[in-house]
Amino acid sequence: MTVLVLVETDESGASEVSRETLTFARSLGPDLHALVIGDGPAGLVEQLGAYGVSAVHHADGDAYTSYAAAAWAAAVVAACGDASVVMAAGTARGNEVLAHVACRLGAVMAANVVEVESAAASGPLQVSRQVLGGAAMEELRLEGPVAVLTVAGHACDPVEADAPASPVVTPLDVVVADSDLRARVVRTEPGEPDESGSLKSARVVVGAGRGAGSADGFGDLLELTELLDGALGVSRVVTSLGWRPHHEQVGQTGSRVSPDLYVACGISGAIQHWAGMSSSKTILAINNDADAPMVTKAHYAVIGDLHEIVPAINEELRRRRSA
Amino acid sequence: MTNVLVCIKRVPDLGGEITLTADGMSVDDSSLGHTVSPHEECAVELAIQTAKATDGQATVLTLGSSEAVEQLRNALALGCTAAVHVEADAASYGPADVASAIAEVVRTHEAAGTTYDLVLLGNDASDTGDFQVGIRLSYLLDRPVVAGVSTLEVTGDRVTARGQSPDGGTEIYEVPLPAVLTVMEGGIEPRYPSIPGRMKAKKVQIEQAAPTGAPAGSGRLRLKLPPAQASSVTILGEGPEAAGAVVDLIEKLGVLR
Ligand SMILES: Cc1cc2nc3c(=O)[nH]c(=O)nc-3n(C[C@H](O)[C@H](O)[C@H](O)COP(=O)(O)OP(=O)(O)OC[C@H]3O[C@@H](n4cnc5c(N)ncnc54)[C@H](O)[C@@H]3O)c2cc1C
Ligand SMILES: Nc1ncnc2c1ncn2[C@@H]1O[C@H](COP(=O)(O)O)[C@@H](O)[C@H]1O
């Protein structure tokens with residue numbers, strides 16, 4: 001079975017979630033292809049080989065100097081060949097491009113898949129995917145000649161193949177129609193500088209969720225972060241509401257962290273957040289709801305208002321430090 | 001004059017524990033309230049603002065049971081000017097079926113003289129989370145589509161849409177109308193309904209549309225709930241009095257440098 005993976009890249013190579021998707025894809029079949037769009041960073045091909053990719057399709061040219069989902073989808077379709085499964089990571093780009101691909105191939109698409117239930121050579125692929133905001137899984141049959149799916153972020157670890165491959169790189173000849181460029185990024189504005197590197201390597205992460213209350217509710221949390229020489233990580237609610245920058249987000253569509261201590265303050269513990277911090281050695285939840293999943297799944301918890309508890313912890317830390 | 005069609009979906013308002021129906025195919029929502037996703041609330045707000053700014057219409061559409069009229073009335077109370085109810089069992093509709101049914105309404109209205117310059121949807125529905133109805137719709141209507149838009153502005157025959165880029169910055173699109181946009185929450189604050197708004201909404205005649213053709217379905221085999229895990233949490237205390245116990249723990253873990 002040939003599986004094609006649309007790979008997203010960052011400065012270091014294939015992004016973490018794309019490497020997870022390659023790992024996930026490898027479990028389906030021996031023939032793993034990757035599609036890279038635009039200039040990849042140095043060493044990318046070797047890295048893809050280490051993940052077991054035997055063929056790299058490369059799309060480049062004027063149509064790819066700025067992002068247009070339909071043009072990316074045209075590249076995926078061009079690279080598809082006789083692949084029976086097309087995959088991408090469940091990122092904004094991954095979900096968007098593969099939805100276009102599904103329309104072009106007349107295929108169904110399953111978003112945020114976490115497991116393959118059955119992949120018989122004949123018969124449709126059966127998968128489990130997250131639905132209802134992660135509160136339940138849906139088992140789904142993907143009818144049709146090609147299965148199109150995205151893999152939920154951090155649903156598996158990125159693991160290199162036992163035997164690395166030496167991928168053949170093929171430049172793709174993509175016919176991009178004018179209509180594929182009607183919706184195209186014309187300008188970008190930079191966000192705040194990405195400091196997720198220090199978040200991922202921190203020994204202590206102070207997590208903050210909707211319970212912080214507002215953009216002004218982070219003072220004590222930031223002080224706790226500083227006292228513990230840690231990093232601040234937040235839930236998606238916090239970044240969606242614009243309280244904190246995106247690079248601080250922990251979870252399925254944010255960073256995965258595994259610190260020695262994760263202090264989850266005012267975070268309910270939705271599965272998408274949990275995906276980003278479950279491998280923390282010790283989890284301490286501070287929440288006013290004793291039944292919140294974060295509390296029941298944590299190792300330790302304090303029940304109450306974080307705006308009272310966190311300042312008290314800060315004071316105790318300062319007191320012992322000066323003693 | 002910009003005419004906007006905004007598509008919303010009635011979904012259960014999930015609180016804590018959820019239970020499934022006996023056949024395991026859906027959530028037992030008999031004791032739950034219902035809502036639309038935050039993305040769709042933002043889409044409704046953008047539809048109302050865009051239509052108002054240009055003396056256009058903001059039409060709200062849903063495909064769902066007769067109970068989904070509740071969500072249409074809520075959107076009317078906020079300022080949508082017309083509503084279309086495609087009465088069908090949403091659970092037996094896959095994302096491609098929903099897109100076809102919406103496309104059918106757009107085409108029928110177009111034939112009757114109303115064109116929609118913009119169709120707005122949520123980026124993903126909060127129950128099925130398929131991430132695709134808007135994109136499928138754009139293919140059926142042969143219109144450009146941008147996914148994950150947080151704000152938009154119509155100038156002449158173009159729409160400027162802004163959304164988040166993968167690196168946390170902002171991406172800006174300029175797209176010719178008519179276009180389809182899927183909306184992501186966060187760019188705009190949805191308004192609350194007013195009492196006069198609610199009164200006015202009651203009087204609006206909702207257009208009933210029947211989908212033609214049988215849906216292909218979503219391919220769902222069953223839903224599964226995550227297995228209940230035994231909690232092994234140690235409660236260190238309640239309120240600020242627990243600070244000492246917390247710092248004891250931090251010291252015991254040896255994470256302080
Ligand atoms: C496709 C997809 C991807 C997603 N990706 C991510 C992701 O990467 N990361 C992520 O975090 N989420 C993600 N989510 C969202 C996720 O489902 C949850 O909605 C989100 O994590 C909830 O954030 P929260 O815990 O801050 O807010 P809520 O769920 O609202 O929880 C707030 C918590 O704070 C507590 N609280 C409130 N006030 C106080 C107070 N004063 N003191 C103490 N406690 C208080 C409440 O009891 C509650 O437990 C994703 C969702 C989807 C559908
Ligand atoms: N039954 C429905 N009726 C109206 N709009 C819908 C329906 N289902 C999905 N949509 C719209 O399509 C968006 C994306 O849904 P989905 O692709 O299923 O995640 C939703 O946010 C809605 O705006």
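**Exercise 1.** Which polar backbone atom is 2.9 Å from an oxygen atom of ligand 1?

*Solution.* The model is predicted, so local features need pLDDT of at least 70 and side-chain atom pairs count only at pLDDT 80 or more, while totals for chains, interfaces and linings use all residues. Residues are numbered from 1 along each chain as its sequence is written, chains are lettered from A and ligands numbered from 1 in the order in which they are written, and side-chain values use heavy atoms, with hydrogens and water left out.

Step 1: look for polar contacts, which are pairs of N or O atoms within 3.5 Å; within protein, one must be able to donate a hydrogen and the other to accept it, and residues adjacent in sequence count only if both atoms are side-chain atoms. The backbone atom in question belongs to R236(A).

Step 2: add the other partners, for R210(A) places a polar side-chain atom 2.7 Å from an oxygen atom of ligand 1, and a backbone N or O atom of G254(A) lies 3.5 Å from an oxygen atom of the ligand.

Step 3: widen the view to the 28 residues that surround ligand 1 (each with a heavy atom within 4 Å of it). Because these residues come from chains A and B, the site is shared between chains.

**Exercise 2.** Describe the two aromatic pairs and the charges that lie over their rings.

*Solution.* Step 1: rings of Phe, Tyr and Trp (its six-membered ring) pair if their centres lie within 6.5 Å, and planes under 30 degrees apart count as stacked, over 60 as edge-to-face and the rest as tilted. The structure holds two such pairs over all chains.

Step 2: in Y67(A) and W72(A) the ring centres are 5.0 Å apart and the planes stand at 80°, so this pair is edge-to-face. Both residues are buried, a word that means under 20% relative accessible area, with exposed over 50% and partly exposed in between (1.4 Å probe, protein chains only).

Step 3: F218(A) and W243(A) are also edge-to-face, because their centres lie 6.3 Å apart with planes at 70°. F218(A) is buried with a relative accessible area of 2%, and W243(A) is buried with 18%.

Step 4: a charge sits over a ring if NZ of Lys or CZ of Arg is within 6 Å of the ring centre and within 35 degrees of the ring normal. R93(A) lies over the face of Y67(A), 3.5 Å from the ring centre, and the charged end of R244(A) sits over the ring of F218(A), 5.7 Å from its centre.
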